[in-house]
Amino acid sequence: GGHQGRGSAIRISRTAEIFYATVGRFMPTGAMTIRRHKHDAIMLGNGQVLVLGGADERDNEGVYSSVEVFDQANGVFRSGSPMRAGRYKFRGTSLALPDGTLLLGGGAPRAEVYNPATGKSDVVGGVDQLAGQFSTATLLPGGRALIAGGYGQGRGPRANAWIFESSASNGRPTGR
């Protein structure tokens, strides 16, 4: 995915490439099911890659909640179960948690925990106004994560930080 150009001349792509480190080159592979840019991707323990969210040429008016699964063995993308919220501008804020679920910590005002095995997700309790776009997310010891900064929700850059804890006393993930 990705884009070329800006404004009315923007073109969104659905192409994908694999980088082969042994030869130092990118090579084309199967195309995604839809055109998208400003998305995130994360490799799973089984070698598959999830491509999450993003947007079409309308940018914040065309945000996706869709998920695609890339199977490296056959070079094919297929649709996965959607996230609870549309997310974009959140590269690098999808984190693999110790239990195999994913913390989706950016791209929307609420984080969610996505289970790639079942395709189900839960919105994280606690703080409901994350910055959303261009935040950072860092995995911490014990299944915790730090989400910081970013901008969005009609406000400028933020200096806030938020802690995700996967072992909340009520059994549901929370943020504070």
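Here are some notes on the sheets, salt bridges, aromatic pairs and one surface patch of this structure, which is a predicted model.

1. Let's start with the sheet that comes earlier in my reading. Strands 5, 6, 7 and 8 make an open sheet of four strands in the order 5-6-7-8, and the pairing is antiparallel. Its edges are strand 5 (40–43) and strand 8, each of which pairs on one side only. From one strand to the next, the twist averages 25°.

2. For a closer look at one seam in that sheet, go to strand 7 (residues 67–71). Five bridges join strand 7 to strand 8, and the two run antiparallel. If you want a spot to click on, try Val 69, which stands opposite Arg 78 in strand 8.

3. There is another open sheet, also worth tracing by eye. Four strands take part, in the order 9-10-11-12, with antiparallel pairing. Strand 9 (94–96) and strand 12 (120–123) are the edge strands, and each pairs on one side only. Neighbouring strands here are turned by 20° against each other on average, ignoring direction.

4. Inside this sheet, look at strand 11 (residues 112–115). Four bridges join strand 11 to strand 12, running antiparallel. Glu 112 has Val 123 of strand 12 as its bridge partner. Keep Glu 112 in mind, as the next point comes back to it.

5. On to the salt bridges: the count comes to seven. One of them joins the side chains of Glu 112 and Arg 87, at 3.1 Å from N to O. Glu 112 lies in strand 11 while Arg 87 lies in the loop between strand 8 (76–80) and strand 9, so the pair ties together parts that are 25 residues apart in sequence. Are these two residues buried or exposed? Glu 112 has 0% relative accessibility and counts as buried. Arg 87, at 1%, counts as buried too.

6. Another salt bridge links Arg 144 and Glu 165, whose side chains meet at 3.7 Å, N to O. Arg 144 is in strand 15 (residues 144–148) and Glu 165 is in strand 16 (residues 161–165), so this pair ties together parts that are 21 residues apart in sequence. Arg 144 is partly exposed, with a relative accessible area of 33%. Glu 165 also counts as partly exposed, at 23% relative accessibility.

7. The salt bridge between Asp 56 and Arg 58 has its closest N and O atoms 2.7 Å apart. How do the two ends sit relative to the surface? Asp 56 counts as buried, because its relative accessibility is 8% and the cut-off for buried is under 20%. Arg 58, on the other hand, counts as partly exposed at 48%.

8. Now the aromatic rings, where the count comes to four pairs. One is Phe 19 with Phe 26: the ring centres are 4.9 Å apart and the planes stand at 55°, so the pair is tilted. Phe 19 counts as partly exposed, with 45% relative accessibility.

9. Which other rings pair up in a tilted way? Phe 134 and Tyr 151 do: their centres are 5.7 Å apart and their planes are at 35°, so this pair is tilted. The two rings link distant parts of the chain, 17 residues apart. Phe 134 is in the loop between strand 13 (125–126) and strand 14 (136–140), whereas Tyr 151 is in the loop between strand 15 and strand 16. As for accessibility, Phe 134 is partly exposed, with a relative accessible area of 49%, and Tyr 151 counts as partly exposed at 31%.

10. Last stop, the surface. Tyr 20, Val 23 and Met 27 form a nonpolar patch there, with about 270 Å² of accessible area together. Val 23 lies in the loop between strand 3 (16–20) and strand 4 (25–29). Why does Val 23 count as exposed? Its relative accessibility is 55%, and exposed means over 50%.

Conventions
Residues are numbered from 1 along each chain as its sequence is written. This is a predicted model: local features need pLDDT of at least 70, side-chain atom pairs count only at pLDDT 80 or more; totals for chains, interfaces and linings use all residues. Side-chain values use heavy atoms; hydrogens and water are left out. Patches are made of residues with over 30% relative accessible area and no salt bridge: like charges are joined within 9 Å, nonpolar side chains (Val, Leu, Ile, Met, Phe, Trp, Tyr) within 5 Å. Accessible areas come from the Shrake-Rupley method with a 1.4 Å probe; for residues, only the protein chains shown count as cover. A salt bridge is a side-chain nitrogen of Lys or Arg within 4 Å of a carboxyl oxygen of Asp or Glu. Buried means under 20% relative accessible area, exposed over 50%, partly exposed in between (1.4 Å probe, protein chains only). Two strands pair if DSSP finds at least two bridges between them. Axes are lines fitted to C-alpha atoms, for helices over the stretch in contact, and angles run from 0 to 180 degrees between N-to-C directions. Rings of Phe, Tyr and Trp (its six-membered ring) pair if their centres lie within 6.5 Å; planes under 30 degrees apart count as stacked, over 60 as edge-to-face and the rest as tilted.
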